[in-house]
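Work through the exercises below with the model open. Try each task before reading its solution.

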Amino acid sequence: MAIRLGDEAPNFTAETTEGSINFHEWKGSSWAVLFSHPKDFTPVCTTELGAVAKLKPEFEKRNVKVIGLSVDPVDSHRRWAADIQDVTGAALNFPLIADPDRSVALSYDMIHPNASETATVRSVFVIGGDNKVKLSLTYPASTGRNFQELLRSIDSLQLTAGYSVATPADWKQGEDVIIVPAVSDEDAKKKFPAGFVAKKPYLRVTPQPDRAAKV
Ligand code: BEZ
């Protein structure tokens, strides 16, 4: 069944390159990114895993644990890890799930039979501290993902979880944000002491609140 935003992320126990993991126990109250790969020893996936390994400190800064999935067995993952290091210069520094019976892939609806009967698509799930799915993305095998965009989206998710704001098109950390329409002007004056500009009655912008609080 498809996993929708707000659903609980299905739990599973699986072999990974870092041993057997019970997903919910491993994740604890951190956020997590779970992302799938069509197959081991494939070119796009090799570049993606190296890219995420290099960005691990950025995920950690945001209290996000990263875990990959490819349906091949764990001994294949270990051999592939040497190639990933060789090609990208980055050691695989997060667990990669082996899912030979595709049970995890099926529970997250990562196999789209009209794309491929056997390989997973490039799914991404961002899961909050409460184990609920906050964001999902689906890319085809032929298109590598942009992990800077994933970090940017996590910044928005974590900010909007804590304040009554939304982020506009192409927003980046530190830029002005939008006050959600459910907040009245009167309440907005109290909630956002840095003030706001009403470009339209329904489009009010204010400095990013956690930054504004520091200045
Ligand atoms: C890749 O990871 O490079 C890939 C995998 C399946 C189909 C096409 C590309």
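## Exercise 1: Pro 113

Pro 113 counts as partly exposed because its relative accessibility is 49%. The model is a predicted one.

Task: Check that class against the cut-offs, then state where Pro 113 sits in the fold.

Solution.
- Step 1. Take the value: 49% relative accessibility for Pro 113.
- Step 2. Compare it with the limits: buried is under 20%, exposed is over 50%, and partly exposed lies in between. Therefore Pro 113 is partly exposed.
- Step 3. Place the residue. Pro 113 belongs to the loop that runs between helix 5 (103-107) and strand 6 (122-127).
- Step 4. Add a distance. From Pro 113 to Ala 194 the C-alpha to C-alpha separation is 51 Å, with their positions 81 residues apart in sequence.

## Exercise 2: The ligand shell

Task: List the residues that surround the ligand, and sort the shell by class.

Solution.
- Step 1. Collect the shell: Pro 38, Thr 42, Pro 43, Val 44, Cys 45, Arg 122 and Ala 141.
- Step 2. Sort by class. The shell has 5 nonpolar, 1 polar and 1 charged residues.
- Step 3. Assign by element. Helix 2 (residues 43-54) gives the most, with 3 residues.

## Exercise 3: Polar contacts of the ligand

Task: Find the distances from ligand oxygen atoms to polar atoms of Thr 42, Val 44 and Arg 122.

Solution.
- Step 1. Start with the backbone. A polar backbone atom of Val 44 lies 2.5 Å from a ligand oxygen.
- Step 2. Go to the side chains. For Arg 122, a side-chain N or O atom is 2.9 Å from an oxygen of the ligand. For Thr 42, the corresponding distance is 3.1 Å.
- Step 3. Apply the cut-off of 3.5 Å for a polar contact. The values for Val 44, Arg 122 and Thr 42 are within it.
- Step 4. Finish with coverage. On its own the ligand has 260 Å² of accessible area, and the protein covers 71% of that.

## Exercise 4: The cavity

Task: Count the cavities of 30 Å³ or more, then describe the lining of the largest cavity.

Solution.
- Step 1. Count: there is 1 cavity of 30 Å³ or more.
- Step 2. Size: the largest cavity has a volume of about 60 Å³.
- Step 3. Lining: Val 124, Leu 137, Tyr 139, Arg 145, Asn 146, Phe 147, Glu 149 and Leu 150.
- Step 4. Elements: strand 7 (133-139) and helix 6 (147-162) each give two or more residues to this lining. Helix 6 has the largest share, 3 residues.
- Step 5. Classes: the lining of the largest cavity has 5 nonpolar, 1 polar and 2 charged residues.

Terms used: Residues numbered from 1 in each chain as written. Predicted model: local features only at pLDDT ≥ 70, side-chain atom pairs only at ≥ 80, totals over all residues. Heavy atoms only, no water. Near = heavy atom within 4 Å. Polar contact = N/O pair within 3.5 Å; in protein donor to acceptor, adjacent residues only side chain to side chain. Areas by Shrake-Rupley, 256 points an atom, 1.4 Å probe, with all protein chains shown as cover. Helix = DSSP H or I, 4+ residues; strand = E, 2+ residues; numbered from the N terminus. Nonpolar A, V, L, I, M, F, W, Y, C, P; charged D, E, K, R; others polar. Buried < 20%, exposed > 50% of the residue type's maximum accessible area, 1.4 Å probe, protein only. 1 Å grid on protein atoms, 1.4 Å probe; cavity = no way out; pocket = protein on both sides within 12 Å on 5 of 7 lines; lining within 4 Å. Points joined across faces, edges and corners; volume = space filled by probe spheres on them.
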